[in-house]
Amino acid sequence: MRRWLFPLAALAGLIALSLSLGAASFGEDAGWLLMVSRLPRTAAALLAGAGLALAGVVVQQVVQNRLVEPSLTGAPEAAMLGLLAVTLLAPGLAVAGKMLIAAGCALAGMAGYLALAARLPREDPMLLPIVGMVYGGILGAIGVWAAWSADLMQYLGAWRLGEFSGVMQGRYEWLWAIAALAGLLYVIADRITILGLGEAQARSLGLDYAQTRALGLVVVSVITALVLVTVGAFPFVGLVAPNLVARWRGDNLRANLPLIALGGGALLLAADVIGRLIRYPFEIPAATVIAVFGAGVFLWLLHAAPGRRHG
Amino acid sequence: MIEIADLHYSAGHTPILHGITTTLERGGITALIGPNGAGKSTLLHCISGLEKPSSGSVRIDGIDPFTVPHRQRARTVALLQQSPALVSRLKVRELVGFGRWPHHQGRPGPEDAAQIDRALTAFALDDLAGRSIDTLSGGQRQRAFIAMTYAQDTPWMLLDEPLNALDPRHARDLMARLHALSRDDKRSIVIVLHDINAAAGWADHIVAMKDGRILAQDSSAALLTPEVLREVFDTPFDLLHHKGRPVVVAR
């Protein structure tokens with residue numbers, strides 16, 4: 001239990017900081033402020049970060065490459081295309097419907113990426129993330145073109161640059177679904193670990209490979225959609241948190257999934273707190289902060305690890 | 001017993017196996033030899049139910065690996081694929097433990113722990129049990145993966161070129177271990193080998209393949225003749241004897 005002490009203490013400190021930080025100061029209505037704004041904002045950052053980190057590790061196991069994450073598979077860009085279509089064609093659709101369409105499009109986007117990835121030689125671990133970047137870039141460009149033509153650029157901007165300043169009670173509760181999905185992933189943690197051994201080995205162990213992979217990717221799509229619709233997209237969280245945990249504790253997801261979720265949540269909350277501090281009382285989007293920090297960690301990973309070779 | 005009847009397999013439009021019909025008896029080590037591209041790995045994948053043949057049938061101890069539930073298949077036959085070069089950060093004990101997955105499906109019991117211990121000991125991995133796979137040498141890593149296949153506790157173990165990337169000492173040790181398992185543990189081992197002398201020294205039976213067909217199949221002593229080897233590999237061989245064991249040398 002001792003090794004949990006430091007991460008948990010750091011997380012508690014971050015939460016306390018996040019709760020006490022803001023343009024409004026605590027007065028008579030401190031409790032109201034906490035309930036309506038500060039707690040929701042803190043919970044949203046933790047849930048979104050945990051979800052993105054878990055989605056990241058699932059994608060990494062599926063493609064057997066540590067340098068890939070959902071935002072390098074076209075999933076968020078595809079989901080944005082779906083949301084643009086909804087905004088144009090059925091602007092009155094309920095949030096649940098938007099989520100469903102965004103998740104479906106994210107899944108289709110990832111399926112396209114996996115079809116591309118299956119044709120790539122696996123010797124060079126850098127190829128998968130680079131192809132993912134190009135693929136996501138193409139989908140993103142289509143989105144920009146569509147949004148520009150339809151005069152929806154402000155929507156696209158909000159999705160592409162995730163931040164938490166708009167989070168209030170009643171406007172983030174969908175993110176709690178991530179907690180349920182995290183529970184589901186914990187139940188199938190062994191199966192997800194076995195996916196990472198590669199298809200032949202996984203099937204030889206009696207795993208229903210196609211079914212497990214499909215289930216994992218559906219969970220990733222739903223998480224992507226939940227986060228995107230509620231608070232916008234964040235790069236690198238799905239890359240950084242799983243990689244740091246793997247370096248520290250290894251690849252056994254039964255033991256490490258809670259830590260990966262915790263790490264992702266702490267990372268995004270830290271990014272949000274830093275974004276609130278830098279130009280206090282103004283704010284910098286958490287996505288911007290995480291992009292700067294995450295890019296640094298990504299470069300370090302590239303330098304330090306050849307990624308994961310494929311069998 | 002493995003019974004294969006008129007097995008054809010194509011990868012896309014490229015035919016790989018052309019009508020394989022054979023029977024592999026239980027017990028001992030059966031080596032698959034043949035030149036590159038003969039279809040040895042493909043045959044192993046078809047037997048283990050991982051690649052669906054375009055026609056023909058496979059039965060392992062009477063079961064059809066393509067129709068039985070995955071879990072039952074995984075308790076009958078275990079495949080170790082060629083060079084699992086995957087740089088995993090699983091610990092050795094965790095990796096070997098996944099060999100028990102078809103038995104416990106996520107809830108390991110004392111029997112599973114005992115089997116893992118046995119597998120670690122059988123492959124001399126006790127001292128490495130807590131090490132991460134990515135910190136091991138190639139030979140140690142190979143042993144860890146074979147120990148996982150062994151822990152799966154199936155009557156049939158299929159190993160695809162497990163001697164790849166092993167130096168002579170580790171290759172010899174591994175063959176000796178497998179030989180002992182086939183005797184003491186009554187495992188039936190089917191193994192793809194590129195080193196004909198490893199087959200000559202350790203295998204009980206040899207299946208020689210070429211161009212997606214079986215050219216010859218017999219006990220090691222009977223099969224290893226210069227004539228057969230020449231036909232299989234398109235190159236002349238001499239057969240010598242050293243300390244009672246056959247040794248073949250490409251001329």
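# Briefing on a predicted two-chain model

In this predicted model, helices H2(A) and H11(A) stand roughly perpendicular to each other. The judgement rests on the crossing of their axes, which meet at roughly 75° and come within 7 Å of one another, H11 of chain A being the helix of residues 237-249. The points below begin with this pair of helices and then turn to the interface between the chains, the salt bridges, two single residues of chain B, and some backbone features.

**The crossing of H2 and H11 in chain A**

- Two packed helices are described by the angle between their axes and the distance between the axes.
- On the side of H2(A), the contact is made by A:Gly49, A:Leu52, A:Ala53, A:Gly56, A:Val57 and A:Gln60, while H11(A) contributes A:Val237, A:Gly238, A:Leu239, A:Ala241, A:Pro242 and A:Asn243.
- Sorted by character, the residues where H2(A) touches H11(A) comprise 7 nonpolar and 5 polar ones, with no charged residue among them.

**The interface between chain A and chain B**

- The size of an interface is often given as the accessible area lost when the parts come together.
- For chain A and chain B this buried area is about 2,500 Å², and carbon and sulfur atoms account for 55% of it.
- The contact involves 26 residues of chain A and 31 residues of chain B.
- Within chain A, the residues that lose the most area to chain B are A:Leu197, A:Gln201 and A:Leu205, which together make up 24% of what that side buries.
- How many salt bridges does the rule find across the interface of chain A and chain B? The number is 0, although the count over all chains comes to 18.

**Salt bridges in chain A**

- A:Arg41 and A:Glu283 are joined through their side chains by a salt bridge, with an N to O distance of 2.8 Å.
- Because A:Arg41 belongs to helix H2 (residues 30-63) and A:Glu283 to the loop between helix H12 (253-278) and helix H13 (286-304), this pair ties together parts of chain A that are 242 residues apart in sequence.
- The two partners differ in their surroundings: A:Arg41 is buried, at 8% relative accessibility, whereas A:Glu283 is partly exposed, at 33%.
- The same two residues also belong to a network of salt bridges that links A:Arg41, A:Asp272, A:Arg276 and A:Glu283.

**Salt bridges in chain B**

- B:Asp117 and B:Arg93 form a salt bridge in which the closest N and O atoms are 2.9 Å apart.
- This pair links distant parts of the chain, 24 residues apart, with B:Asp117 in helix H5 (residues 110-122) and B:Arg93 in helix H3 (residues 92-98) of chain B.
- B:Asp117 is partly exposed at 38% relative accessibility, and B:Arg93 is likewise partly exposed at 34%.
- A further salt bridge brings together the side chains of B:Asp173 and B:Arg172, at 3.5 Å from N to O.
- Of these two, B:Asp173 is partly exposed with a relative accessible area of 23%, and B:Arg172 is partly exposed at 47%.

**Two single residues of chain B**

- B:Leu166, which sits in the loop between strand S6 (156-160) and helix H7 (168-184) of chain B, counts as buried because its relative accessibility is 15%.
- Leaving aside residues up to four places away in sequence, B:Leu166 touches B:Gly138, B:Gly139, B:Gln142, B:Ala171 and B:Leu174.
- B:Leu166 and B:Thr21, which are 145 residues apart along the chain, have C-alpha atoms separated by 32 Å.
- B:Ala222, in helix H9 (residues 220-223) of chain B, is partly exposed with a relative accessible area of 41%.
- From B:Ala222 to B:His205 the C-alpha to C-alpha distance is 9.1 Å, and the two are 17 residues apart in sequence.

**Backbone features**

- Most residues other than glycine have a negative phi, and most peptide bonds are trans.
- A:Tyr280 and A:Pro281 are joined by a cis peptide bond, with omega about 5°, and A:Pro281 lies in the loop between H12 and H13 of chain A.
- A:Gln64, a residue other than glycine, has a positive phi near 55°; A:Gln64 lies in the loop between H2 and helix H3 (75-89) of chain A and is buried at 6% relative accessibility.
- B:Ala124 also has a positive phi, about 55°, although it is not a glycine.
- B:Ala124 is placed in the loop between H5 and helix H6 (138-151) of chain B, where it is partly exposed with a relative accessible area of 39%.

Terms used
Residues are numbered from 1 along each chain as its sequence is written. Chains are lettered from A and ligands numbered from 1 in the order in which they are written. This is a predicted model: local features need pLDDT of at least 70, side-chain atom pairs count only at pLDDT 80 or more; totals for chains, interfaces and linings use all residues. Side-chain values use heavy atoms; hydrogens and water are left out. A salt bridge is a side-chain nitrogen of Lys or Arg within 4 Å of a carboxyl oxygen of Asp or Glu. Helices (H or I, at least four residues) and strands (E, at least two) are DSSP runs, numbered from the N terminus. Buried means under 20% relative accessible area, exposed over 50%, partly exposed in between (1.4 Å probe, protein chains only). Axes are lines fitted to C-alpha atoms, for helices over the stretch in contact, and angles run from 0 to 180 degrees between N-to-C directions. Angles under 35 degrees count as roughly parallel, over 145 as roughly antiparallel, 65 to 115 as roughly perpendicular and the rest as oblique. Contact means heavy atoms within 4.5 Å. Ala, Val, Leu, Ile, Met, Phe, Trp, Tyr, Cys and Pro count as nonpolar, Asp, Glu, Lys and Arg as charged, and the others, Gly among them, as polar. Buried area is the accessible area (1.4 Å probe) that two parts lose on being put together, summed over both.
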